[in-house]
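Q: I have a model open beside its sequence, and I would like to learn how to read its sheets, helix packing and internal spaces. Could we go through them one feature at a time?

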Amino acid sequence: MTKITVAKGDGIGPEIMDATLEIILKAGAQIEIEEIEVGEKVYLAGNTSGIANESWDTIRRNKIFLKAPITTPQGGGYKSLNVTTRKFLGLYSNVRPCVSLHPFVKTKHPVMDIVIIRENEEDLYAGIEHQQTDEVVQCLKLISRPGCEKIVRYAFEYAKQQNRKKVTCFTKDNIMKQTDGLFHQVFDEIAKEYPEIENEHWIIDIGAAKMADTPEYFDVIVMPNLYGDVLSDVAAQITGSVGLAGSANIGEECAMFEAIHGSAPRRAGQNMANPSGLLQGAIMMLNHIGQTAIAEKVQNAWLKTLEDGMHTYDIFKEGTSKEKLGTKEFAQAVISNLGELPKIFKPVVYSNNSALNLPKYKRKPAADKKLVGVDIFVHWSASNPNELADKIKTMESNGIKLTMITNRGIKVWPDGFKETFCTDHWRCRFKPSENSAMDKTTIVELLNSAMKENIDVIKTENLYEFDGKAGYSLGQGQ
Ligand code: NAD
């Protein structure tokens with residue numbers, strides 16, 4: 001018996017949760033349910049996170065969380081409960097299988113069967129944003145080695161467990177050589193440990209185009225958070241219905257399972273909604289907690305129900321479907337098929353699909369880190385970079401020289417193009433000239449002289465070498 005936390009959520013949430021729980025309990029799931037309240041009511045009672053402290057205690061104690069969709073009220077600074085839950089509980093891996101159910105669900109891609117594995121904790125989702133000048137705002141993209149190692153290893157271990165043949169990595173490391181570059185590098189390192197699984201890397205733009213056009217080419221795809229957010233929705237959509245997909249959010253301690261769709265408030269309380277997405281989440285949960293035989297029984301009954309033409313309104317199609325069912329009736333149809341196998345779809349066989357036990361991240365020995373320069377960012381509202389260079393050069397001292405100015409990453413001094421459009425946000429790179437060295441006091445001196453010259457410094461970034469390798473990007477055109 002496994003104790004799980006259940007939240008019935010908002011909109012169609014309670015109906016699809018009741019249907020899902022009834023199906024899995026009738027199939028013999030050995031679960032004890034502890035229910036908590038999250039979502040709209042909690043938000044509107046004044047809790048901007050949508051969840052009470054006692055509910056966190058329940059989730060952390062039970063470790064397994066089955067969650068129906070919730071409604072995030074518009075405006076008013078309410079925080080997304082999904083993002084908070086993933087980060088607080090360290091649910092680093094988002095797993096979303098996207099399978100076509102042709103010919104019962106209309107799709108342009110009848111043989112699609114891919115799994116998107118999305119990094120779930122970092123990247124631009126750190127939400128660290130600043131306005132720095134009148135014209136420029138920034139968002140910090142943070143990618144860490146432990147973050148990359150955990151998600152990439154998860155993807156390969158998942159592929160191994162599920163007998164999948166290939167893991168593909170999507171990044172944009174031709175542009176973001178440090179951040180996406182690290183993700184790709186870690187992918188290449190870890191891929192070597194799994195010689196039996198094919199591996200490849202695609203630049204995300206052409207990879208996404210290929211996935212939308214020829215999804216059958218891919219198997220498991222692993223990628224950083226933001227790309228995964230976008231592409232997992234694309235992948236689910238092109239199977240023919242976002243209403244049929246579930247997802248798992250997996251951490252080292254806890255895991256959360258859900259449907260990928262929202263609370264569909266317009267359909268609430270009408271016994272119309274399709275419970276399949278949440279049911280798919282629940283099947284992933286049963287596998288995770290080791291109740292593999294029950295998971296298999298439910299999945300096969302569900303496939304049989306779909307191929308029998310027993311459909312809710314969202315996938316009902318004259319000619320293909322036999323009966324249009326409500327939420328409750330659909331659940332009963334699945335229950336009556338428990339123990340049966342589909343005849344047109346291939347029955348699923350789950351062997352050992354339980355939670356993956358990954359080794360803990362081991363920190364590597366620290367590299368030899370050397371300060372080799374500094375980028376000083378300046379708010380300056382004129383537009384001639386040569387004028388700015390003259391002004392900035394007054395800051396030079398003790399062999400520390402201005403070597404480059406960029407505007408939005410493009411080199412504009414020395415030897416810039418007059419055609420390059422410049423905004424009011426400039427990066428001025430200082431480096432020690434030959435025979436000079438620098439330390440952090442050099443940076444303080446540079447900033448002091450900027451103050452004296454009335455130069456509006458908005459931030460600095462230290463330039464380091466790690467074991468002799470530059471840890472910063474060049475200017476575009478440098
Ligand atoms: P939605 O997914 O709720 O609905 C999109 C469309 O799909 C609607 O036409 C809806 O009727 C239909 N639909 C969705 N699920 C269905 C189902 N199971 N059966 C039949 N039809 C279904 O997206 P939305 O309308 O953009 O968002 C509604 C609310 O859900 C918002 O408050 C949003 O913040 C929230 N939301 C929550 C989650 C979550 O909790 N995981 C995810 C996405 C959106």
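A: The turns below take up the sheets, then the packing of helices, then the cavity and a pocket, and throughout it should be kept in mind that the model is predicted.

Q: In what order do the strands of the sheet of 10 strands lie, and which strands are at its edges?

A: A sheet is read by strand order, which need not follow the numbering. Here 10 strands form an open sheet in the order β2-β1-β3-β12-β11-β4-β5-β10-β8-β9, and the pairing is mixed. The edge strands, each pairing on one side only, are β2 (31-36) and β9 (198-203), while from one strand to the next the twist averages 20 degrees.

Q: How many bridges join β4 to β11, and which residue is the bridge partner of Asn94?

A: Bridges show how two strands are paired, residue by residue. Three bridges join β4 to β11, and these two strands run antiparallel; the bridge partner of Asn94 is Asn249 in β11.

Q: Which strands do helices α3 and α4 meet?

A: For a helix on a sheet, one asks which strands it touches and how its direction is set against theirs. Helix α3 (residues 53-62) lies across β1 (2-7), β2 and β3 (64-67), and runs at about 160 degrees to β2. Helix α4 also packs on the sheet, where it touches β3, β4, β5, β11 and β12 (255-259), its direction making about 155 degrees with that of β12.

Q: How does the sheet of six strands read?

A: The same approach serves for another sheet. Six strands form an open sheet in the order β17-β16-β18-β15-β19-β20, with antiparallel pairing, and its edge strands are β17 (410-413) and β20 (469-470). Within this sheet, six bridges join β15 (residues 369-379) to the antiparallel strand β18 (residues 425-432), and Phe377 stands opposite Arg427 in β18. Helix α12 (residues 385-393) lies across β15, β16 (400-407), β17 and β18, running at about 150 degrees to β16.

Q: At what angle do α10 and α11 pack, and which residues make the contact?

A: A helix pair is described by its angle, the distance between its axes, its handedness and its contact residues. Helices α10 and α11 (residues 327-336) pack at an angle of about 115 degrees with their axes 8 Å apart, and their crossing is right-handed. From α10 the contact is made by Ala301, Trp302, Thr305 and Leu306, and from α11 by Phe330, Ala333 and Val334; by class these comprise six nonpolar residues, one polar residue and no charged residues.

Q: What volume does the largest cavity have, and which residues line it?

A: A cavity is read from its volume and its lining. The structure holds one cavity of 30 Å³ or more, and the largest cavity has a volume of about 50 Å³. Its lining consists of Val83, Arg86, Lys87, Arg118, Asn120, Tyr125 and Asn225, which divide by class into two nonpolar, two polar and three charged residues. Helix α4 (residues 81-88) gives the largest share of this lining, three residues.

Q: Which residues lie nearest the centre of the second largest pocket, and which element gives the largest share of its lining?

A: A pocket can be read in the same manner. The second largest pocket holds about 1300 Å³ of space and is lined by 46 residues, with Val99, Asp113, Arg164, Val348 and Tyr350 nearest its centre. Among the elements that give two or more residues to the lining are β4 (93-99), β5 (113-119) and α10 (292-307), whereas the largest share, five residues, comes from α9. By class, the lining has 27 nonpolar, 14 polar and five charged residues.

Definitions and conventions: Residues numbered from 1 in each chain as written. Predicted model: local features only at pLDDT ≥ 70, side-chain atom pairs only at ≥ 80, totals over all residues. Heavy atoms only, no water. 1 Å grid on protein atoms, 1.4 Å probe; cavity = no way out; pocket = protein on both sides within 12 Å on 5 of 7 lines; lining within 4 Å. Points joined across faces, edges and corners; volume = space filled by probe spheres on them. Helix = DSSP H or I, 4+ residues; strand = E, 2+ residues; numbered from the N terminus. Nonpolar A, V, L, I, M, F, W, Y, C, P; charged D, E, K, R; others polar. Pairing = 2+ DSSP bridges. Contact = heavy atoms within 4.5 Å. Axes fitted to C-alpha atoms, helices over the stretch in contact; angles between N-to-C directions. Left-handed = near helix turned anticlockwise from the far one by under 90°.
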